[in-house]
Amino acid sequence: MLVASLASRRFAATTACAARTGLARPVAAWTMAPLRSMSSASGDITKSLKNAGITLSAIKRNPSIDACYADATANEKGSIVTSSGALSALSGAKTGRSPTDKRIVDEPAHSKNIWWGPVNIKLPKESFEKNRKKAVEFLNSKEQLYIVDGYAGADPKYQLKIRIICSRAYHALFMHNMLIRPTKEQLATFGEPDFTIFNAGETPADTSVEGVSSKTSVALSFDKKEMVILGTEYAGEMKKGVFTIMHYLMPQRDVLSLHTSANEGINSEKDVSFFFGLSGTGKTTLSADPQRRLIGDDEHCWSDKGVFNIEGGCYAKAVDLSAEKEPEIFHAIRKGSVLENIILDPKTKEVDYTKTTITENTRACYPIDFIPNAKIPSVGGHPKNIILLTCDAFGVLPPVSKLTTEQAMYHFISGYTAKIAGTEVGVTEPSATFSACYGQPFLVFHPMKYAEMLAEKLKEHNTSVWLINTGWTGGKYGVGKRIPLKYSRAIIDAIHSGSLSKNIEQGARSFPVFNLAIPAGGVEGVPDKILDPSGAWSDKKAFDDQIQKLAKLFTKNFDAFGKGVENLKKAGPVL
């Protein structure tokens with residue numbers, strides 16, 4: 001079995017980070033961490049690279065930050081050093097991930113494990129070999145290449161050795177930031193990687209190859225322990241490629257991989273909380289708490305020892321970024337950081353984060369060391385609370401409810417939030433968005449696999465699960481009002497203090513249709529009248545119609561997961 005060959009790794013200390021949402025968070029005191037240099041490369045990897053097909057002798061292994069800057073600004077069009085010292089780079093035609101071009105090789109040892117369908121599309125072995133050959137030939141044709149060796153996973157017991165082979169300095173610096181950086185001693189004894197990513201994104205895929213449907217191809221082989229990238233220079237493909245690998249390997253070692261942020265109380269208990277949520281739900285803002293240390297902002301694993309961060313860096317949204325709204329992220333953008341597809345003043349080199357001429361998906365990538373109030377190392381105990389965030393633009397879900405284990409599984413698999421209407425004139429209806437396990441594009445197993453593992457851990461560690469709506473109340477979007485951030489913060493505080501659990505135990509109300517346990521009142525800092533949405537709507541019939549509408553959307557979405565989730569349907573809305 002593939003996972004059997006993965007030995008324990010020496011620990012590389014990590015910190016934690018914060019990506020951002022559109023919600024502002026209070027300005028916190030912060031201190032600038034010292035610039036962290038890339039480890040000098042040592043240890044001969046020539047034979048290892050030759051075995052992988054890389055014959056080029058001009059190799060820069062784990063190059064310095066200065067070397068990446070020099071090569072990028074000299075050789076890569078559009079690469080500029082900004083006024084804050086960050087490297088600004090362009091990702092070419094692709095400015096976001098290409099999920100419809102992701103493929104997994106259909107291999108007998110793994111095929112039965114994989115959730116095949118629109119998320120994981122099969123690729124024949126022969127096609128992968130053709131893609132790999134094209135990538136290796138392209139890489140060998142370059143004047144020089146970059147090798148970045150690093151780790152995925154902060155717990156040395158479960159750490160994977162990852163090797164990146166790429167032709168752009170921008171990509172090398174990006175993955176230096178995103179992987180856990182090895183020490184000089186670790187680099188000297190790195191040995192063979194557990195997984196290798198061949199990033200030949202500058203050359204297009206061949207659409208005549210069976211299973212390749214566009215000029216972009218992101219293909220993963222678990223047998224060969226390799227990923228091949230063609231036709232996209234968007235660096236996020238490498239980051240999420242590593243996450244996909246962990247999403248497959250960790251569950252086979254009884255470790256639950258999760259798309260979640262995590263923080264820890266600054267108290268004797270050091271209680272850990274998970275925050276799940278799609279874009280716009282307030283995950284970043286609500287998990288950033290001056291009374292709690294941030295373990296990580298995006299990707300974690302839950303083992304028999306506790307939780308650990310997968311990454312060594314952050315990949316934050318940069319649109320509309322400011323020192324007032326997001327001081328930690330703003331000040332993290334300095335020498336060693338990478339900015340993607342931003343617009344800057346050609347004379348002053350100052351970035352205008354409000355401009356989205358190239359893409360609305362402007363990004364900042366930096367080492368987690370650059371964020372204050374982080375937990376070092378980025379590991380923690382077993383979660384005491386898990387918070388599932390949703391921004392319900394339909395305006396019917398309660399601001400907070402406590403879930404049973406079965407309800408936790410149902411809502412975890414559903415991964416619901418809602419998006420507000422777009423810019424088209426006359427369109428006022430919100431639209432529901434579902435992403436299984438709050439990270440559907442990166443799942444390898446069926447969602448039920450992850451949900452069952454979650455349920456086991458909830459029972460074993462007596463973890464409480466909460467569903468929190470940061471969206472609308474008193475009416476749908478356009479009629480009601482967004483729940484104030486201060487109320488959501490007060491609810492989170494009540495969860496962490498333990499008072500909300502006591503409140504629910506002493507007398508909870510049952511919320512209709514979704515059958516959720518909600519507090520009857522008495523949540524400090526939160527008006528009683530908003531705790532039950534049915535009482536916050538002036539038009540009762542409109543509320544009843546809207547809750548039925550949302551319930552049907554949940555039911556329709558859940559039906560798509562097949563017979564394997566049949567027993568969980570009773571934990572969802574009942575029409």
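**Entry 1: D66 and K335**

I began with D66, which at 48% relative accessibility counts as partly exposed (buried means under 20% relative accessible area, exposed over 50%, partly exposed in between, with a 1.4 Å probe and protein chains only). I was working on a predicted model, in which local features need pLDDT of at least 70 and side-chain atom pairs count only at pLDDT 80 or more, while totals for chains, interfaces and linings use all residues. Residues are numbered from 1 along each chain as its sequence is written, and side-chain values use heavy atoms, with hydrogens and water left out.

I looked up the partner of D66 and found a salt bridge with K335, the closest N and O atoms being 2.6 Å apart (a salt bridge is a side-chain nitrogen of Lys or Arg within 4 Å of a carboxyl oxygen of Asp or Glu). K335 lies in the loop between helix 9 (327-332) and strand 18, and D66 in helix 2 (residues 65-75), so the pair ties together parts that are 269 residues apart in sequence (helices, H or I of at least four residues, and strands, E of at least two, are DSSP runs numbered from the N terminus). K335 is also partly exposed, with a relative accessible area of 32%.

**Entry 2: other salt bridges**

I noted 26 salt bridges in the structure. One of them joins the side chains of K142 and E202 at 3.9 Å, N to O; K142 sits in the loop between helix 4 (125-140) and strand 6 (145-152), E202 in the loop between strand 8 and strand 9, 60 residues apart. I read relative accessible areas of 25% for K142 and 35% for E202.

I then took K384 and E269, whose closest N and O atoms are 3.1 Å apart in a salt bridge. K384 belongs to strand 23 (residues 383-390) and E269 to the loop between strand 12 (261-265) and strand 13 (272-276), so this pair ties together parts 115 residues apart in sequence. I also listed a network of salt bridges linking K239, K240, K283, D298, E299 and E311.

**Entry 3: the loop at P204**

I found P204 in the loop between strand 8 (195-200) and strand 9 (217-221), partly exposed at 41% relative accessibility. Not counting residues up to four places away in sequence, P204 touches K134, K215, L230 and G231 (contact means heavy atoms within 4.5 Å). From P204 to S217 I read 8.1 Å, C-alpha to C-alpha, with their positions 13 residues apart in sequence.

**Entry 4: an open sheet**

I traced an open sheet of 5 strands in the order 2-3-18-21-17, with mixed pairing (two strands pair if DSSP finds at least two bridges between them). Strand 2 (80-81) and strand 17 (313-317) stand at the edges with a single partner strand each, so one side of each is left without a neighbour in the sheet. Strand 17 is nevertheless mostly covered, as 4 of its 5 residues are buried.

I counted 5 bridges between strand 17 and strand 21 (residues 363-367), which run antiparallel, and K317 has R363 as its bridge partner. Strand 3 (residues 87-89) and strand 18 (residues 338-340) run parallel and are joined by 3 bridges, with L87 partnered by V338.

**Entry 5: nonpolar cores**

I closed with the largest nonpolar core, where, of 113 residues, I164, M175, M250, W302, I386, F412 and F514 touch the most other members (a core is a set of buried Ala, Val, Leu, Ile, Met, Phe, Trp, Tyr and Cys residues joined through side-chain atoms within 4.5 Å). Apart from this core lies another, of 23 residues, including F128, A205, V209 and V212.
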